[in-house]
Amino acid sequence: MAKYLLQRFIYMIITLFIVASITFFLMKLIPGSPFNTFQKLSVVQQNLLLEKYGLKDPLPVQYFNYMKSLVMGDLGVSFQFNNTPVTELLGNRIGPSAILGLQAMVLGAIVGIFLGTISALKQNTWIDYGSTFIAVIGKSIPSFIFAGLLQFYIAVKLGWFPVMLWKGPEYTVLPTIALAMFPISIAARFMRTEMIDVLGSDYITLAKAKGASFWQISVKHALRNALIPVVTVMGPLAVSLMTGSLVIEKIFGIPGIGEQFVKSISTNDYPVIMGTNLLFAALFVVIILVVDILYGIIDPRIRISGGKAK
Amino acid sequence: MKKSKLSLLLVLSLVLSMFLAACSGGDKNQGTDTSKNEGKDKPVTEESKLADKQELNVFESAEIPTMDSVLGTDVMSFTTLNAVNEGMYRLDQDQKVVPAGAEAMPEYNADKTELTVKLRKDAKWANGDPVTAHDYVYAWQRAINPETKSEYGPYFMGGKVKNADAIAEGKAKVEDLGIKAEDDYTLKITLERAIPYIESFITFQLFYPQNQKFVEAQGADYAKDAEHLLSNGPFKMTKWQGPTATEWVLEKNDTYHGAKDVTLTKININVSKDPQASANAFNAGEVDITPKLAQAAIIQQFEGSKDLIRYQEPSLFWIKMNEKNKALKNINIRKAIALSIDKKALVDDVLANGSIAADFLVPKEFAFLDGKDFREGTKPYLEMNKEEAKKLWEKGLSELGVKELALNYVGGDTETSKVSDSFIKNQLETNLPGLKLTIQPVPFKIRIDREQKMDYDLLFTGWGPDYADPMTFMDLMLTGGDHNKMDYSSAEYDKLVKAAQTDLAAKDQERWKALQDAEKILIEDDAAIVPVYQRSVNLLINQKVQGFAHHAFGPDYSYQWIKILK
């Protein structure tokens with residue numbers, strides 16, 4: 001196991017290095033400058049600024065300098081947020097996004113797995129159709145419409161929750177629901193398909209023949225095995241939820257990282273683009289490792305460390 | 001079959017009704033300009049009418065990039081600095097320049113290149129230090145010092161404050177800058193040349209004082225968050241976690257020399273970037289002042305409501321025509337393009353937010369001389385005229401020896417610019433037979449980049465003023481200027497604008513006339529640019545909030561005169 005983890009860790013470092021390099025050169029292809037006032041400055045003033053920030057150096061030199069400071073743990077400073085260190089910016093912004101993403105993920109997984117399971121168990125009944133309907137709605141309605149509706153009817157009309165902002169647990173309810181719609185539909189669909197598949201397999205028939213109860217069969221034997229595909233998709237989905245949703249964060253006024261990332265690209269804020277991308281990539285490789293380890297726990301048939309079969 | 005036709009009809013009528021709704025909304029917008037009289041004309045007479053809790057909730061549309069006055073380049077920074085700090089002068093509710101940190105208006109030498117400013121002796125920093133002339137000298141020198149990496153320092157001072165350009169380029173010492181402290185409360189400012197608008201110019205946040213002892217003690221942490229700031233204005237910042245914060249709090253500053261005139265005790269400001277969500281929060285009573293709302297669909301929900309405040313802001317938008325393109329070098333082609341856009345339909349039906357059609361460069365309600373708007377006494381230039389346009393177009397084409405013309409049009413990538421750009425394309429292609437326009441919607445920064453590189457035929461752009469004088473717009477198109485970038489050159493226009501900058505600096509009326517003539521040459525005689533519209537601001541303000549003041553440049557608003565009624 002330790003050897004396996006070490007090996008994976010080395011792969012992760014290599015992956016991040018490649019991601020950093022590709023991002024660096026891709027973002028330098030975006031035309032434009034990172035300074036807000038370039039339109040107003042004279043050519044002399046522009047050149048002075050570019051020189052001060054080392055943006056006039058040849059690209060390979062800039063790349064080398066960036067990589068050198070990256071290894072030292074220095075991600076540079078943001079242009080749009082006036083020299084705020086990128087690490088500080090990410091630290092301040094990732095919190096709300098991560099909390100919201102986790103809540104949505106947990107809600108989405110619980111509701112989705114529940115819906116998928118009961119539709120599989122009650123296949124082709126109104127329960128099945130009902131939960132499929134919810135899944136289709138969740139997948140096909142854009143989140144900004146759903147968020148807008150929640151905000152208008154639940155917050156403005158009924159006044160049950162605050163309209164927007166991020167000041168306490170009650171403020172997280174509506175955005176969490178809005179954000180959870182997508183994972184709900186994904187989890188429900190995968191769960192239903194896989195569950196039906198598993199329920200038709202030989203060992204379930206055997207369990208039935210042995211006289212195991214309905215609940216024993218569905219929970220102990222079927223559900224656990226049917227979770228594999230759900231875990232596979234939910235891992236990467238968790239990363240994308242936790243790294244912020246531009247739309248939900250904007251509508252509910254949440255100080256998250258989603259909007260920041262998009263804005264950093266459109267404003268050529270190079271250090272922030274690099275920092276956010278690396279953070280997302282790092283989360284991603286970690287989650288994939290976690291998913292791989294989870295496989296082994298959920299389904300003992302899968303061996304991760306290639307150990308000797310008993 | 002029958003069914004599908006019916007549903008098609010239904011869809012069509014739905015689309016049509018949406019369009020009609022948009023039109024009728026646009027019509028209503030006309031003439032509802034209630035500019036600069038909200039609140040002020042209803043003075044609070046009895047103290048008893050004031051609400052017990054003088055606390056204001058405001059939404060802003062962006063974070064504050066910096067609270068260091070010499071580094072600010074952004075309206076959020078300017079607005080907050082204007083509330084928390086104070087310079088020599090500030091804009092009052094009627095946009096007049098009034099003494100703030102200064103005792104009186106400046107005294108000038110004979111050729112108006114030297115200003116002497118007497119500072120008031122009761123102005124204090126929040127730590128108890130007096131605000132002295134040395135604080136101004138320190139801040140100005142810091143702004144121009146190349147080590148500070150200020151963008152606006154060289155931009156604002158260059159060519160205006162003595163030796164600023166040389167210092168920015170490292171060819172002179174910061175001590176040589178044209179600002180000296182004669183004693184603790186007397187400042188002497190030396191200019192490169194007389195500047196008619198100098199008084200409004202130095203209200204800008206860049207020219208605010210900074211407490212040297214405090215700034216140097218904080219070092220790199222200065223202005224990093226609320227704890228590392230020092231107020232000398234009507235409010236102090238008690239909560240702000242730095243540039244990424246989406247929430248900040250201003251509280252009344254009791255050590256401010258004018259504290260007795262400040263009624264508000266607390267302002268809670270939060271960032272909301274979604275206009276509909278802001279409107280929802282306003283309806284739910286969670287906010288008293290929303291950010292600017294530009295979308296017609298949202299504004300229409302409040303059309304006719306007393307909560308909706310609308311005024312013209314001095315931001316002007318126009319189409320640039322790159323004369324590097326042989327076809328656009330032709331005056332008839334340019335005039336034809338200028339004459340064939342129905343700007344009124346654009347602002348009323350497409351934008352539908354109260355913006356006004358512009359056939360001028362210097363905005364309305366922006367620059368005044370003896371109380372008279374710059375726009376008074378000027379005729380509209382090149383109003384739409386389809387027949388004339390077609391005639392000039394055909395003449396231009398035959399001069400070029402072609403029958404068709406294909407041009408690219410670089411526009412913005414926002415919803416608003418996409419609809420207005422396709423409207424303009426439709427107008428031009430319909431009215432000018434043989435014209436083929438390709439719209440290229442690009443993000444803001446890329447548009448600037450293409451403009452700088454002159455990589456466009458037509459380009460949609462805009463400008464907001466940096467000081468209250470027509471010059472902030474009029475010097476943009478000087479031959480070889482940094483903002484021209486369209487190969488336009490007119491000796492006559494250059495002569496008039498340069499005269500207004502130099503010889504006529506002290507002769508207000510003649511200078512005004514020269515600038516108006518230059519504007520006519522630029523837009524009517526040469527059709528160098530096609531002005532399109534002047535933007536209007538729409539915001540929602542709780543009717544209990546009185547004394548809200550908005551400004552044409554620098555900060556968007558002042559909060560210090562606000563009172564909350566019962």
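Why is strand 11 of chain B largely enclosed by the rest of the structure? In this predicted model, 10 of the 14 residues of that strand, which spans residues 308-321, are buried, so the rest of the structure largely encloses it.

## Strand 11 and its partners

Let's stay with strand 11 of chain B and look at what lies beside it. With strand 18 (residues 529-540) of chain B, strand 11 pairs in the antiparallel sense over 10 bridges. To find this pairing on screen, go to B:Gln312, whose bridge partner in strand 18 is B:Ser536.

Strand 11 of chain B also pairs with strand 17 (residues 458-463) of chain B, again in the antiparallel sense, over six bridges. Here B:Phe317 is a handy marker, with B:Gly462 of strand 17 as its bridge partner. B:Ile319 is in contact with B:Leu458, B:Leu459, B:Phe460, B:Ile529, B:Val530 and B:Val532, leaving aside neighbours within four places in sequence.

## The nonpolar cores

B:Ile319 also turns up in the largest nonpolar core, a set of 202 residues. Together with A:Ala187, B:Trp140 and B:Ile144, B:Ile319 touches the most other members. Helix 7 (residues 173-199) of chain A gives this core its largest share, 15 residues. From chain B, domain 1 (56-260 + 544-564) and domain 2 (311-537) each supply at least three residues.

Another core, of 12 residues, lies apart from it; among its members are A:Leu75, A:Ile257, A:Phe261 and A:Met274. As general background, nonpolar side chains tend to be buried together in soluble globular proteins.

## Chain A at a glance

Chain A is helical in its listed elements: 12 helices and zero strands. Its C-alpha atoms fill a box of roughly 85 × 60 × 30 Å along the principal axes. Of its 310 residues, 37% count as buried. Among contacts in chain A between residues at least 6 apart in sequence, 73% join residues at least 24 apart.

## Where the two chains meet

How many residues of chain B are in contact with chain A? There are 35 of them, and they meet 43 residues of chain A. On the chain B side, two or more residues come from each of helix 4 (152-157), strand 10 (266-271), helix 8 (275-283) and helix 15 (444-452). Helix 8 of chain B gives the largest share, five residues. Sorted by class, the chain B side has 14 nonpolar, 11 polar and 10 charged residues.

Helix 8 of chain B deserves a look of its own. Seven of its nine residues are buried, so this helix is largely enclosed by the rest of the structure. The buried ones are B:Pro275, B:Ala277, B:Ser278, B:Ala279, B:Asn280, B:Ala281 and B:Phe282. They pack against helix 6 (143-157) and helix 10 (246-251) of chain A, and also against strand 1 (55-60), helix 9 (296-299) and strand 18 of chain B. Just after helix 8 of chain B comes B:Gly285, with a positive phi of about 75°.

## Domains of chain B

The domain assignment splits out domain 1 (56-260 + 544-564) and domain 2 (311-537) of chain B. Their C-alpha centres lie 33 Å apart. The contact between them takes 12 residues from domain 1 and 14 residues from domain 2 of chain B. On the domain 1 side, the residues that touch domain 2 divide into eight nonpolar, two polar and two charged.

There is also a record to set beside this assignment: an unreviewed UniProt entry places the feature "domain: Solute-binding protein family" at residues 96-482 of chain B. In the model, that span is 29% helix and 20% strand, and its end C-alpha atoms lie 30 Å apart.

## A buried loop residue

Is B:Leu504 buried or exposed? This leucine sits in the loop between helix 17 (491-501) and helix 18 (508-525) of chain B. B:Leu504 is buried, because 20 other C-beta atoms lie within 10 Å. Not counting residues up to four places away in sequence, B:Leu504 touches B:Ala499, B:Glu510, B:Arg511 and B:Ala514. B:Leu504 and B:Pro196 are 308 residues apart in sequence, with their C-alpha atoms 9.2 Å apart in space.

Conventions: Residues numbered from 1 in each chain as written. Chains lettered and ligands numbered in written order. Predicted model: local features only at pLDDT ≥ 70, side-chain atom pairs only at ≥ 80, totals over all residues. UniProt positions renumbered as here; feature names shortened; annotations may be inferred. Helix = DSSP H or I, 4+ residues; strand = E, 2+ residues; numbered from the N terminus. Contact = placed C-beta atoms within 7 Å. Nonpolar A, V, L, I, M, F, W, Y, C, P; charged D, E, K, R; others polar. Domains from an automatic or database assignment. Core = buried A, V, L, I, M, F, W, Y, C linked by C-beta atoms within 7 Å. Pairing = 2+ DSSP bridges.
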